[in-house]
Amino acid sequence: MVSEIMRDFSKDHSSLALNTATLGHNLDGQGAGWSSEQVIDACAKRGYGAITYWRREVGKRAFEIGQRTRAAGLTVSGLCRSPFLVGPLAPPTRSAVLDDFRASLAVASDLGASCLTICVGGIVPGSHSMTESLKQVREIVAEVADEAQSAKVKLALEPLHPAYGGNRSCLVTVRDAVDMCEQIAHPAVSVAIDVYHVWWDLTLGQELLRLGGDRIAGYHLCDWLADTQDVLLDRGMMGDGVSDLRSIRKAVESAGYKGFCEVEIFSAHNWWKRDPNEVLDICLERFRTVC
Ligand code: ZN
């Protein structure tokens, strides 16, 4: 009896959000090259509820783009993202990490974004240790948490699929993300759940109940393609893969989450090559029918 708990999106897509990565804007030379204004207008016209931006797109125009988004009747659901906090892709020193973390928080604040996504980064070089890497992440997030709360921006720890464990995220399970949230125990620190990273995890429901809906800062939609060619840039459109989208949303909503559902599809060889108008139409149709 899923329908008793879950929201019905079949006739109401006001909870649908676009992560602009879906239109391929997050990499140079990809996508149709639409301006933020074009994206805002195209989403508003279709009745999307919110947009999540990438830091490199908004640059120094964060305040202006945030205002423009709200003027069109949309919410800024988030900003991607913090720098990697640890691991081989992080800035070279702890103070450089903190400086860039604070800079990303300032952009999120200027945008009026409700959360800043955190991809925590991979294993601390030479450590061979998940435990030590997660400990360093915890220290860095805790250090910035008060500032995030003052800025009214939630820090959204996003556990990534274990395939990213080495270089992009030593936080690979929802269990570890919930544990970190509890250990930091700060109202600004929360978790983001992305279908791509959790679709395989049968403990999702019980872990999210442990967390509670008010500490879920975002829910990201896409699909895992059975024959995926590239774990970074070959995400599927909802309905084209193997994820049990309804069950995953049921787990998120049963924990109390009532926020936006944000389509986030990195797809260098398929969706990024299409007309953004077509992509936005298909996202909306799939949201209403399979999510
Ligand atoms: Zn995500």
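**Exercise 1. A residue in strand β7**

Leaving aside neighbours within four places in sequence, which residues is Ala 217 in contact with? Place Ala 217 in its element as well.

*Solution.*
Step 1. Set aside the neighbours within four places in sequence; Ala 217 is then in contact with Cys 115, Lys 154, Ala 156, Ser 190, Val 191 and Tyr 257. The model is predicted.
Step 2. Locate the residue: Ala 217 sits in strand β7.
Step 3. Pick one contact, Ala 156. Ala 156 and Ala 217 are 61 residues apart along the chain, yet 5.8 Å separates their C-alpha atoms.

**Exercise 2. The barrel**

Trace the order in which the strands close into a barrel. Then work out the pairing around β1, β2 and β3.

*Solution.*
Step 1. The barrel has 8 strands, in the order β1-β2-β3-β4-β5-β6-β7-β8, with parallel pairing. On average, neighbouring strands of this sheet are turned by 30 degrees against each other, direction ignored.
Step 2. Start at the closure. β1 and β8 run parallel and share 3 bridges. Here Ala 17 faces Glu 262 of β8.
Step 3. Move to β2. Parallel strands β1 and β2 are joined by 3 bridges. Asn 19 has Thr 52 of β2 as its bridge partner.
Step 4. Continue to β3. There are 5 bridges between β2 and β3, again parallel. Thr 52 stands opposite Gly 78 of β3.
Step 5. Go on to β4. Strand β3 (residues 75-80) and strand β4 (residues 115-118) run parallel, joined by 2 bridges. Cys 80 has Thr 117 in β4 as its bridge partner.

**Exercise 3. Burial of β1 and β2**

Why is β2 described as largely enclosed by the rest of the structure? Sort the residues of β1 and β2 by face.

*Solution.*
Step 1. Count for β2: 5 of its 5 residues are buried, so the strand is largely enclosed by the rest of the structure.
Step 2. Split β2 by side. One side carries Ala 50, Thr 52 and Trp 54; the other carries Ile 51 and Tyr 53.
Step 3. Do the same for β1. Leu 16 and Leu 18 are on one side, Ala 17 and Asn 19 on the other. Both faces of β1 are covered, and these residues are all buried.

**Exercise 4. Helices on the sheet**

Describe how α1 and α10 sit on the strands and on each other.

*Solution.*
Step 1. Helix α1 (residues 36-46) lies across β1 and β2, at about 160 degrees to β2.
Step 2. Helix α10 (residues 276-290) packs on the sheet and touches β1, β7 and β8. Its direction makes about 140 degrees with that of β1.
Step 3. Compare the two helices. Their axes are 11 Å apart, at an angle of about 35 degrees. The crossing is right-handed.
Step 4. List the contact. α1 supplies Ala 42, Cys 43 and Arg 46; α10 supplies Asn 277, Leu 280, Asp 281 and Leu 284.

**Exercise 5. The zinc site**

Which residues are the protein donors of the zinc ion? Classify the site from its angles.

*Solution.*
Step 1. The donors are Glu 158 (OE), Asp 194 (OD), His 220 (ND1) and Glu 264 (OE), 2.0 to 2.3 Å from the ion.
Step 2. Check the angles: the 4 donor atoms give 82 to 159 degrees. A tetrahedral site needs all angles between 85 and 135 degrees. The site is irregular.
Step 3. Read the spacing in sequence: E-x35-D-x25-H-x43-E.
Step 4. Place one pair. Glu 158 is in the loop between β5 and α6, and His 220 is in β7, so the two tie together parts 62 residues apart in sequence. Both Glu 158 and His 220 are buried.

**Exercise 6. α6 and unusual backbone**

List the buried residues of α6 and what covers them. Then inspect Ala 185, Lys 152 and the bond from Cys 80 to Arg 81.

*Solution.*
Step 1. Val 174, Asp 176, Ala 177, Val 178, Met 180, Cys 181 and Ile 184 are the buried residues of α6. Their cover includes α5, β5, β6, α7 and α8.
Step 2. Recall the background: most residues other than glycine have a negative phi, and most peptide bonds are trans.
Step 3. Ala 185 follows α6 and has a positive phi, near 50 degrees. At 59% relative accessibility, Ala 185 is exposed.
Step 4. Lys 152 has a positive phi near 60 degrees. It lies in the loop between α5 and β5. At 71% relative accessibility, Lys 152 counts as exposed.
Step 5. The peptide bond from Cys 80 to Arg 81 is cis, with omega near -5 degrees. Arg 81 belongs to the loop between β3 and α4.

Conventions. Residues numbered from 1 in each chain as written. Predicted model: local features only at pLDDT ≥ 70, side-chain atom pairs only at ≥ 80, totals over all residues. Heavy atoms only, no water. Pairing = 2+ DSSP bridges. Helix = DSSP H or I, 4+ residues; strand = E, 2+ residues; numbered from the N terminus. Axes fitted to C-alpha atoms, helices over the stretch in contact; angles between N-to-C directions. Contact = heavy atoms within 4.5 Å. Donors = N, O, S within 2.8 Å, 3.2 Å for Na, K, Ca; no water. Tetrahedral: all angles 85-135°; square planar, octahedral: opposite > 155°, others 65-115°. Buried < 20%, exposed > 50% of the residue type's maximum accessible area, 1.4 Å probe, protein only. Left-handed = near helix turned anticlockwise from the far one by under 90°.
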